[in-house]
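Q: I have a new model open and would like to learn how to read it. Can we go through it together?

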Amino acid sequence: MKIIILGAGQVGRTAAYHLSREEANDVTVIDSNEEILRDLQDRLDIRTVTGNAASPRVLESAGIANTDILVALTNSDEVNMLACQIAWTLYRTPKKIARVRSADFTARDRLFGENGVAVDVWISPEQLVTEYVARLIRYPGALQVLDFADGRVRLVGIRARQGGPLVGEELRTLRVHIPNIDARVAAIYRAGKSIKPEGSTVIVDGDEVFFLAARKDIRAVMREMRREEAPVRRVVIAGGGNIGFRLASELEAKNQVKLIERDHRRARRVSEQLKTTTVLHGDAADEDLLLEENIDSADVFAALTNSEEANILSAMLAKRLGAHKVMALINKPSYAELIESGSIDIAISPQTVTIGSLLAHVRHGDVVRVHSLRRGAAEALEVVVHGDADNSRVIGRRIEDITLPEGTTLGAVVRGEDVIIAHHDITVQPDDHLILFLTDRRHLEAVEKLFQGSASFL
Amino acid sequence: MKDTLLPVAHVFAMVIMVVAVIMLAPLVLAIWGLDPALWAFVVSAFATFVIGALLWLGTRRFKRELKTRDGLMLVALTWVALPAVAGFPLWSYLPIHFTDAYFEATSGLTTTGGTVLSGLEFLPRSINLWRHLLSWIGGMGIIVLAVAILPMLGVGGMQIYRAEMPGPMKDSKLTPRIGQTAKLLWAVYAGLTVCCILSLRLVGMQWFDAVCAGFSALSLGGFSNYDANIGHFDSVPIELVLSAFEVLAALNFATHYLAWSQRGVRAYFRDSEAKAIFGVLFISCFGLAGFLLFKGIYADFPTALRYASFNVISIATTSGLHNQDYSLWPTFAPMWMIFLSSIVASSGSTGGGIKMIRTLILAKQANRELNQLVHPNLVRPLKVGGSVIANRVVFAVLAFVFLYFMSLASLIFVQLASGLDFITALSAIVACINNAGPGLGAVGPGANYGVLNDFQTWVCSAAMLLGRLEVFTLLVLFTPTLWRK
C-alpha cells in the first residue's frame, strides 16, 4: 500500500518505522524539518519530502495522486484536517487518518465524514494514552490492559507473583481453581523470552503472563496470578499537560486525585476546568512537596509530563518516598526497557499505544484492531473472518484443525455479543471476530494470508 | 576491523555469486559457437561461484544489518575487489598478466573503455561479450543491481545507493522503496539498451556487433569488437544511432523515467542539466567542425561535422567510442574534447567526470560571489533549475572538486615520474578518471593502454576506480575513523 505520513515527530517517526517494515508498504514522509528527514531516511527504507504538509504542491511531489492512505500526524490539528481535506478534494485519496488532539473538534461527530471535514478516522494519541493509563489504574497489578471487540474482551499483561494460587501450578489447573470462569493464557514471557503456553506449563514467580478474558472475568483471573491489590483510591499525577489533565478529569469522580503542574498559569487553567482534583503548583521532583502531599500513602503515582527524563526521575523519587505504584510516560523504547526492570513499575510508551490503532487501519480490511506489544516485537490482532467454508481456510473448521504459524495463539472468538474463549473443539463461523496473539510479528504475513483465504479475490 | 569487514564480506560474497551467474551468458555463447574460450569460462564461472559460496558460508556467523559505514565499505570493497574476479576469464584465456586483466576488467566495470588488448576482431566472441557485459553491468552500478535483485540488502540500502550513484544530491528517490527505485532505473537502462541494439541492427550491424555496441553506448563504456572501433563500420547511420543513444545515456536516468511515466518530453526541458548538456554539445560539435574545416583537415563541412560530432559526443559523454584517430587533429580539438569529458555527463547517468550539475552549481556560486562584490548586502540563494541548492551541497561540491583535481594532479605527477611523456600522462589520467577511454599520445585512439608498464597500468586502474566512485567513496577507505570501533 502507498502511504504518506505527514509530520516526522515522535508519532510520525514511529509510524514510519512500523509501517515501512511491512514489505507491502511504500512509505513517504513529509515534514518541514530537513535534518530530521535526512536522519530518518538514513535509517528507514522510505522516501522523504521536505515542505509544508498542507501544501498541494508538496503533497503532489510526494505522489498523493496514487496514494492509498494519508496519515496526518503533524503537531497541528488544523494542518492535519486541512491536509486530509485537500487530499480528498483534489486527489480523492481513499483513506485519510488524522491526528486530532483537541476535544473541541473530536467531541463533535458531525464535523467529520460525509458533509464535514474529509477525515475518515481521527486518532488522538493523548486520548488513547489517557484511556490506557485509566485502564491500568482500574486494574491494579496489570502491566497492560488492551481492549478487543469494543471492550468485551480484554488482553491483560500481568507479572505473576508468589501468592497467586496459580503460581507454581500447571496451567490446566486454572479450570479447577475457577470453574465458572473461562480465560486463555496467550503468551508467557520468562526473563524476556517467550515460552509456549501449554496445559503442562508451570507459571513461576516473575513471569509476564498475557491472558484473554471477558471483561467481567478479568479480576478473577488476575487474582490467580498474584495476590489481589486493593483498588486504587489515591492518585498523584505529575504534569498537567494534555494527558495529565484528561486523566485527572476521568479519574476524579471515583478517586482522590492530586495533580502537580510546574507552570503556574497552566496550573490555574487546569484547576478551573477540573472539579474535585487538588491542583498543586510545583516541581514533581521536589522531595518536600511530595512528602507534604503524603506521597507515601498514594496508591499510584503517574509521571506524565512532556519530558521523559523528568518523568523517570520523579517516578523513581516517588517510589523511594513510598508511593505504592509508579508509572512513567516514556518515549524512547530503550529507556522503557532500562527502567521497567528497575524501580519504576510501568513504563507507558505513547507510541506503542498509538501505533496499534494506526496499524489496524493500514492492514487488510479484515483486521479491525491491532495492539503492538513488547516494543513492537509482538502483536495482538482482532480479525474478522469473512466468506464461507468453501473459500476460507478457517471457516467451518474446528480450532484444533487450523494450522497457525509458529508463535501464534488463538485466544478468543467473539460471536455477536458472546465471548467464547478458544477451545480446541470450537468451530469458526462466518463473521466471527478472532483474537490472536503473535509472539513474533515476523509471522504476521502468514497470519494475514491464512485469514484472507480466497475471499479477497472474489 | 574484524567486526566491520566480515559482515560486509558476507554481502560481498553474494555479489560475487551474482557475477558467477552473469558469467553464464558468455559461457552459453561459447558453447553455442564452440569457441576456444569455453573452458576459460567454465573454470572461471565455477571458481568464482565456489569462492563466493565459501566466503558466504565462512562469514555467515557475522551476518547482521549493515550500518552506514558498512554500506560505504561494501561499495568500495566491491569495486576494488570485483575486477579481480571479473578479470578471471580474460586472465585464464588470454596471454596477459594479472595486471592487464585487472585493468581490462576495471576499464569495463567503470565504463572507461580503454583497453590493453589488440587484435580485438580475432578474440573469441565470448571474450568480447564478457568485456561488453562488464561495461553494461558497471554502467548502472553493480551494487544498484544487487539492491534491485537481492531483497536482503534492505535498510542501509540508501547509504549503498548514495555511495554508488553519481551526483551531489541523492536524497530524492523515484519511489519510497530503495529496491524498487533500483529496479526502475535498471528497467529504464535495459529498455534503452534494447532500443539501441534494435536500431543498430536496423541500420545494418550484425546481431553480435549490435549487442556489443549497444552495451558500449548505453553504459558509456567504449569497448569495441574492432581495433578501429566504430571506424571499422564506416557508416553514417550507425554513427548517428550511437551518438543519439550516447547523449541519452549521459542524461539523468531519473529524468528518462519521469519522461516515460509522463509520456512526454517535458521532463527533459525541466532538467537544467539536460539543457546545459544539449547546449554544450551543440556548440562544440559545430565549433569543432568549423575549426577542422578551417585548418584544412577535412575538405568539406558535412565530412568535418560527421567526424567532429561523433567523436565530440563520444568523448564528452565519456563513452570513448571513436571513428577517427582524432589525436592527429590539431591539439586544440582533442584537448577540448577531453576537457568536455570532465564536465558534460549528467548526475544519475552512466557517465563519469565532475558531472554537469556540479559544474552548474560552481558556476552559479562563482556568479554569486561576483555579485556579492558589487552589492555587499545582496541576499541571493543559489538556484539551479528553479530550486534552491543548500549551502551544505555547495560545500560538498567544492570539497569534491578539490579532491578530484588533487587526485588528478597527483596521479599525473606519478605517471610523469614513472617516465611517461606529458601528453600521454595527462591524457591517460584525465581519460581514466573521467571514465572516458582513449587518451592521446601513446595511449591515443590509434593505439591502446598495452604500451604502459605494470606500474603505470595499476595507476590507471586506480584512477578509473577513483573516478567511478566519485573519489569520496574510495578515499573513505583510507580514513582511520572508518576502521575505528
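**Packing and a helix**

Q: Which residues does B:Val19 touch, leaving out those up to four places away in sequence?
A: Touching, or contact, means that two C-beta atoms, placed from the backbone, lie within 7 Å. With that, B:Val19 touches B:Thr48, B:Leu82, B:Val85 and B:Ala86. This is a predicted model, where local features need pLDDT of at least 70, side-chain atom pairs count only at pLDDT 80 or more, and totals for chains, interfaces and linings use all residues. Residues are numbered from 1 along each chain as its sequence is written, with chains lettered from A and ligands numbered from 1 in the order in which they are written.

Q: Which residues of the largest nonpolar core touch the most other members?
A: Nonpolar side chains tend to be buried together in soluble globular proteins. A core here is a set of buried Ala, Val, Leu, Ile, Met, Phe, Trp, Tyr and Cys residues joined through C-beta atoms within 7 Å. Buried means 20 or more other C-beta atoms within 10 Å of the residue's own (exposed is 12 or fewer, partly exposed in between; C-beta atoms are placed from the backbone). The 146-residue core has B:Val19, B:Val144, B:Ile429, B:Cys460 and B:Ala463 in that role. Another core, of 145 residues, lies apart from it and includes A:Phe245 and A:Val413.

Q: Where are the buried residues of α6(A) around the axis?
A: Buried in α6(A) are A:Pro125, A:Glu126, A:Val129, A:Thr130, A:Tyr132, A:Val133, A:Leu136 and A:Ile137. They sit on the same side of the helix because their arc (directions from the helix axis to the C-beta atoms) is only 160°.

Q: How much of chain A is buried?
A: Buried residues are 47% of its 458 residues.

Note on methods
Helix = DSSP H or I, 4+ residues; strand = E, 2+ residues; numbered from the N terminus.
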